Amino acid sequence: MNEAYISGTGSWLPERILTNGDLERMVDTSDAWIIQRTGIKERRIVAEGQATSDLAIGASRRAIEAAGLTPEDMGAIILATITPDTYVPACAVYVQEALGAKNAFAFDLNAACTGFVYATAIGAGMIKSALCRHVLVIGAESLSRIVDYTDRNSCILFGDGAGAAVISPVPEGVGAQGSRIVDSYLRSNGSDADLIQMPAGGSRKPASAETLAAREHFLRLKGKEVFRFATKTLAELLDIAVERNGIGLQDLDLVIPHQVNYRIIESALRRSNLPEEKIYLNLDRFGNTSAASVPIAIDEAVRNGRLRKGNLVLLVAFGAGMTWGYNLIRW
Ligand SMILES: CC(C)(COP(=O)(O)OP(=O)(O)OC[C@H]1O[C@@H](n2cnc3c(N)ncnc32)[C@H](O)[C@@H]1OP(=O)(O)O)[C@@H](O)C(=O)NCCC(=O)NCCS
């Protein structure tokens, strides 16, 4: 069985910035409230005519280049997103076409904010089973297209962007302590499906004049319930990762959590006694970008030197479904 590792990363953010000041002019909110309740100062938003695949293509090109590979080397493309360009066909095929990744099969994965963690685990499994040699995994979102900018409870939270990683077989001769995806843990629970939902537009409630009038094509959140779920789940994931792998929290060099809300992350830190300097945060600049949040943060940490070869890093995420999980990676 081939072990798998991340051979390159990339990210791509749209240029347009939506600040808390901009939101103050759209809904009844304030910069001070948003910063105090979430830690978010600004987020990126796609331009008119731009779509999720445009962001995914930019991030993918950078990841493939960083891996020292070409698009033809990719055997599969997994695009985690809840905001595909179209429902049919999959958003991943637009990325495949633009990259010229003609040897890849391509598909979308919907696990909301846990999407990139799911995709990384599945991509690693595809390498291990020798289904393909290199897998491009992407988290990309244009959440601004499904955010209700009349709902102050949710519109302050989200941003757009994309991050990508190439997963490759560990070269021969690399010892057990070398770069590899060490462990993945994935879970979901459909009994909480109504906590984060877009009610209409699917086969249960197809688009109609009524669903449009009822604003049912936008994301709806039960913020307080999600807050409780997220703080509990983040702390539990840290415990499970440590226990399953026979390590201590002190062995983790970096934890990259889903960039959901500073207060959620801070509360989980307090519960688990993880020092704050071990956590990578960029939510102040990008907000919650769902499936894109973890890979954007990874790529930033790699490029600014915070994540270095040999580091033990834990990616942790949770989101709609509910879904949750982690990847433990020796970088
Ligand atoms: C949404 C969230 C930031 C709200 O923070 P909170 O501290 O729980 O705030 P509350 O919901 O208790 O709201 C407190 C008050 O602020 C108000 N409020 C909500 N949004 C506001 C805003 N943008 N500006 C000003 N006031 C706001 C509420 O109406 C409420 O007023 P009330 O007490 O008069 O009813 C927080 O719950 C959260 O981050 N939840 C998880 C988000 C999520 O679902 N993320 C996606 C999943 S990955």
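**Close-up views of a predicted model**

**View 1. A five-stranded sheet in the predicted model.** In this predicted model, five strands form an open sheet whose order is β1-β7-β6-β4-β5, and the pairing among them is mixed. The edges of this sheet are taken by β1 and by β5, which spans residues 105-109, and each of these two strands pairs on one side only. From one strand to the next, the twist averages 20°. Helix α5, made of residues 115-128, packs on the sheet and touches β1, β4 (76-80), β5, β6 (135-142) and β7, while the direction of the helix makes about 165° with that of β6.

**View 2. The pairing of strand β1 with strand β7.** Strand β1 is joined by eight bridges to strand β7, which covers residues 160-169, and the two strands run antiparallel. Two positions help to follow this pairing by eye: Tyr5 stands opposite Ser168 in β7, and Gly8 has Val166 of β7 as its bridge partner. Although β1 is an edge strand that pairs on one side only, it is mostly covered, with seven of its nine residues buried.

**View 3. Asn2, in the segment before strand β1.** Asn2 belongs to the segment that comes before β1, the strand of residues 4-12. With a relative accessible area of 34%, Asn2 counts as partly exposed, because this value falls between the 20% limit for buried residues and the 50% limit for exposed ones. Leaving aside residues up to four places away in sequence, Asn2 touches Ile127, Lys128, Ala130 and Pro169. In the case of Ile127, the backbone oxygen lies 3.4 Å from a polar atom of the Asn2 side chain. For a sense of scale, Asn2 and Ser144 are separated by 142 residues in sequence and by 39 Å in space, taken from C-alpha to C-alpha.

**View 4. A four-stranded sheet with strand β11 at one edge.** Another open sheet has four strands in the order β8-β13-β12-β11, again with mixed pairing. Strands β8 (180-188) and β11 stand at the edges and have a single partner strand each, so one side of each is left without a neighbour in the sheet. The twist here averages 10° from one strand to the next. Strand β11 and strand β12, the latter made of residues 312-319, run parallel and are joined by four bridges. Within this region, Pro257 stands opposite Val316 in β12.

**View 5. Asn261, in the loop after strand β11.** Asn261 is found in the loop that lies between β11 (254-257) and α9 (262-272). Its relative accessible area is 7%, and Asn261 is therefore buried, since the limit for that class is under 20%. When residues up to four places away in sequence are not counted, Asn261 touches Arg37, Thr38, Phe227 and Leu283.

**View 6. The ligand and the residues around it.** There are 23 residues around the ligand, and those that come nearest are Thr29, Arg37, Arg152, Lys224 and Asn261. In the side chain of Arg37, an N or O atom is 2.7 Å from an oxygen atom of the ligand. For Arg152 the contact comes from the backbone, where an N or O atom lies 2.9 Å from a nitrogen atom of the ligand. A polar side-chain atom of Arg263 lies 3.2 Å from an oxygen atom of the ligand. On its own the ligand has 970 Å² of accessible area, of which the protein covers 76%.

Notes: Residues numbered from 1 in each chain as written. Predicted model: local features only at pLDDT ≥ 70, side-chain atom pairs only at ≥ 80, totals over all residues. Heavy atoms only, no water. Buried < 20%, exposed > 50% of the residue type's maximum accessible area, 1.4 Å probe, protein only. Contact = heavy atoms within 4.5 Å. Pairing = 2+ DSSP bridges. Axes fitted to C-alpha atoms, helices over the stretch in contact; angles between N-to-C directions. Polar contact = N/O pair within 3.5 Å; in protein donor to acceptor, adjacent residues only side chain to side chain. Near = heavy atom within 4 Å. Areas by Shrake-Rupley, 256 points an atom, 1.4 Å probe, with all protein chains shown as cover.
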